[in-house]
Amino acid sequence: MQVALVGLGVMGKNLALNLIEQGMTLVAYDKNPDAGEELLSCAKLQGMADRLHIVSDLGDMVKRLTPPRSILLLVPAGELVDKVCSELVEAGVDCDDIIVDCGNSNYKDGITRKLKYQNKFEFATMGISGGAEGARHGPAMMASGSEGGWERVEPWFEKVAASYKGESCFARVGQSASGHFVKMVHNGIEYALMQLIAEMYQLLRLGTKRSPHEVAEIFNQWSEGSLNSYLLSISSHILSLETNADEALVDLIDNKVGAKGTGLWTAQNALELGIAVPSLVAAVQARHLTNTGDTHAAKEMAYAAKSTTHVELDLDELKDAFLFASLLAYRQGLALIKGASRAHQWKVDLSKTLQTWRAGCIIRADYLDNIAEGVEFIDTLEKESLALRKICGQAMMTGLAFPVLSSTQTYFATLTTPSNGHLVQAQRDYFGEHGIKTHSGEVCHLTDLVEIDAKVR
Ligand SMILES: NC(=O)C1=CN([C@@H]2O[C@H](COP(=O)(O)OP(=O)(O)OC[C@H]3O[C@@H](n4cnc5c(N)ncnc54)[C@H](OP(=O)(O)O)[C@@H]3O)[C@@H](O)[C@H]2O)C=CC1
Ligand SMILES: O=C(CO)[C@H](O)[C@H](O)COP(=O)(O)O
């Protein structure tokens with residue numbers, strides 16, 4: 001099988017080596033010649049260079065491929081994807097060829113591109129997760145659509161992807177560009193889990209006066225049991241690292257966190273669709289807040305630093321609270337995918353989606369075994385839900401900020417306790433005559449139910 005790859009950076013180079021190792025012949029191009037050279041020397045070192053052809057332009061790439069062609073893109077998301085697609089059209093790709101955008105593109109762009117390039121070539125979308133290691137040794141691959149050409153590449157992607165209990169973590173999860181939507185939500189969950197772990201670390205470090213090394217030990221113990229996850233393991237490793245001067249590595253790192261867009265899009269889409277994912281939104285805004293010190297408005301409103309109040313934590317309770325909050329982050333993400341699938345008629349298969357997240361990806365975790373059986377099991381975790389409530393209360397007492405922990409507790413409480421929406425309905429009708437709906441289903445105004453002599457001015 002012959003395939004082409006455009007973009008040989010962090011992901012492209014490693015996916016290229018993986019593809020060649022699995023037996024594919026690869027024609028590869030990057031606008032930066034050094035990237036091609038780097039890939040070639042890695043392939044030589046690993047004794048796989050005979051199946052690799054680096055080309056110096058897209059024209060040569062198209063000529064070298066036997067039609068129908070299969071071309072993968074791993075260039076930065078945005079305008080570059082269109083630039084490369086247009087150049088490939090000029091270079092001679094035709095309607096039987098498939099071009100798969102494997103970057104973190106916005107699914108809305110994917111839908112537009114499918115229309116824009118129809119009759120020119122088959123434009124398909126696939127989100128990939130796993131970073132450099134995953135791309136090299138088996139990523140999670142969230143593909144979508146039913147373009148002609150998938151049948152050529154699919155069996156190969158099934159081999160190239162990670163596998164879990166003998167099943168591939170490649171799947172075509174649904175129709176249209178839903179693969180990119182699923183990858184976007186994967187990243188939204190990723191943001192929430194990363195922030196939640198950071199909050200656990202801060203609670204232990206500042207709230208209970210433990211060193212980074214001691215926090216690493218706790219995370220490590222958790223990782224040895226049912227809480228094992230990739231993000232917890234890397235966090236434990238990072239917290240255990242010390243410089244030659246015996247300083248914790250984390251103490252050398254600035255607090256401002258960047259972002260490339262997928263977390264923000266997750267939040268935007270959830271708000272647009274009216275699906276509540278407060279933990280995911282809180283994680284995006286937590287990143288924004290790490291940058292607040294630089295903004296003009298924040299400088300004008302500088303607050304004095306407050307000291308942390310010490311708390312006594314039960315570590316078993318903390319562990320239960322962490323597990324419960326983590327599960328609720330997946331639950332929110334899956335609810336968003338389900339809602340979007342219904343709204344767009346994508347027919348996303350949630351069990352296939354979960355299968356892609358079982359190995360290779362950044363949000364892989366052992367406790368996904370339970371989620372795979374149906375998210376409803378979360379409702380039976382009484383001990384864990386109580387732990388979340390108690391830990392959240394203690395965390396608040398420290399005076400530190402816990403955006404994801406507290407949003408997650410609020411999310412669960414909102415779903416499981418009486419709502420106060422009736423008063424908000426009444427307020428809207430009181431000032432704006434927006435109407436109210438009563439328990440009997442009647443739609444009316446407050447004034448239809450009671451006589452109001454004079455409204456408050
Ligand atoms: N890094 C990660 O962990 C993950 C990244 N992704 C996504 O995968 C995609 C690639 O990411 P990543 O590998 O990290 O990015 P990099 O920036 O490391 O690599 C992108 C490569 O594409 C090259 N490139 C840019 N424009 C062109 C062009 N017109 N023609 C050919 N090559 C071009 C770049 O060259 P130059 O440097 O000279 O501009 C660079 O070598 C992105 O959409 C990213 O969001 C997805 C999952 C994980
Ligand atoms: O897709 C990824 C992991 O799954 C990429 O690493 C992505 O860049 C992460 O998002 P951000 O840069 O916004 O933190």
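**Exercise 1. Determine whether the end-to-end distance of helix α12 agrees or disagrees with the expected span, and state which elements its buried residues pack against.**

Solution. Step 1: Helix α12 covers residues 278–290, which makes 13 residues; helices (H or I, at least four residues) and strands (E, at least two) are DSSP runs, numbered from the N terminus. Step 2: The expected span is 1.5 Å times one less than the number of residues, so α12 should span 18 Å. Its end C-alpha atoms are 18 Å apart, which agrees. Step 3: A residue is buried if 20 or more other C-beta atoms, placed from the backbone, lie within 10 Å of its own, exposed if 12 or fewer, and partly exposed in between. The buried residues of α12 are Pro278, Ser279, Leu280, Val281, Ala282, Ala283, Val284 and Ala286. Step 4: These buried residues pack against α8, α11, α14 and α18 (403–416), contact being a distance within 7 Å between C-beta atoms placed from the backbone.

The structure is a predicted model, in which local features need pLDDT of at least 70 and side-chain atom pairs count only at pLDDT 80 or more, while totals for chains, interfaces and linings use all residues. Residues are numbered from 1 along each chain as its sequence is written, and chains are lettered from A and ligands numbered from 1 in the order in which they are written.

**Exercise 2. Describe the buried and exposed residues of α2.**

Solution. Step 1: The buried residues of α2 are Gly36, Leu39 and Ala43. Seen down the helix axis, they fall within an arc of 65° (taken over the directions from the axis to the C-beta atoms), so they line one face of α2. Step 2: Their packing partners are α1, β2 (25–29) and β3 (52–54). Step 3: Turned away from the buried side is a face with the exposed residues Pro33, Asp34, Ser41, Lys44 and Leu45. Step 4: Gly47, just after α2, takes a positive phi of about 65°.

**Exercise 3. Locate ligand 2 relative to the domains and characterise its shell.**

Solution. Step 1: The domain assignment, automatic or from a database, gives domain 1 (2–174), domain 2 (183–416) and domain 3 (419–457). Step 2: A residue is near a molecule or strand if its C-beta atom, placed from the backbone, lies within 6 Å of it. Around ligand 2 are Asn104, Ser129, Gly131, Asn187, Glu190, Ala259, Lys260, Thr262, Gly263 and Ile362. Step 3: Domain 1 and domain 2 both give residues to this shell, so ligand 2 lies between them. Step 4: α8 (178–207) and α11 (262–273) each supply at least two residues of the shell. Step 5: Ala, Val, Leu, Ile, Met, Phe, Trp, Tyr, Cys and Pro count as nonpolar, Asp, Glu, Lys and Arg as charged, and the others, Gly among them, as polar. The shell around ligand 2 thus has two nonpolar, six polar and two charged residues.

**Exercise 4. Find the loops that hold Ser176 and Lys347, and classify each residue as buried, exposed or partly exposed.**

Solution. Step 1: Ser176 lies in the loop between β10 (170–174) and α8, and has a positive phi of about 55° although it is not a glycine. With 21 C-beta neighbours inside 10 Å, Ser176 counts as buried. Step 2: Lys347 is in the loop between α14 (315–344) and α15 (350–356), with a positive phi near 55°. Because Lys347 has 13 C-beta neighbours inside 10 Å, it counts as partly exposed.

Key. Contact = placed C-beta atoms within 7 Å.
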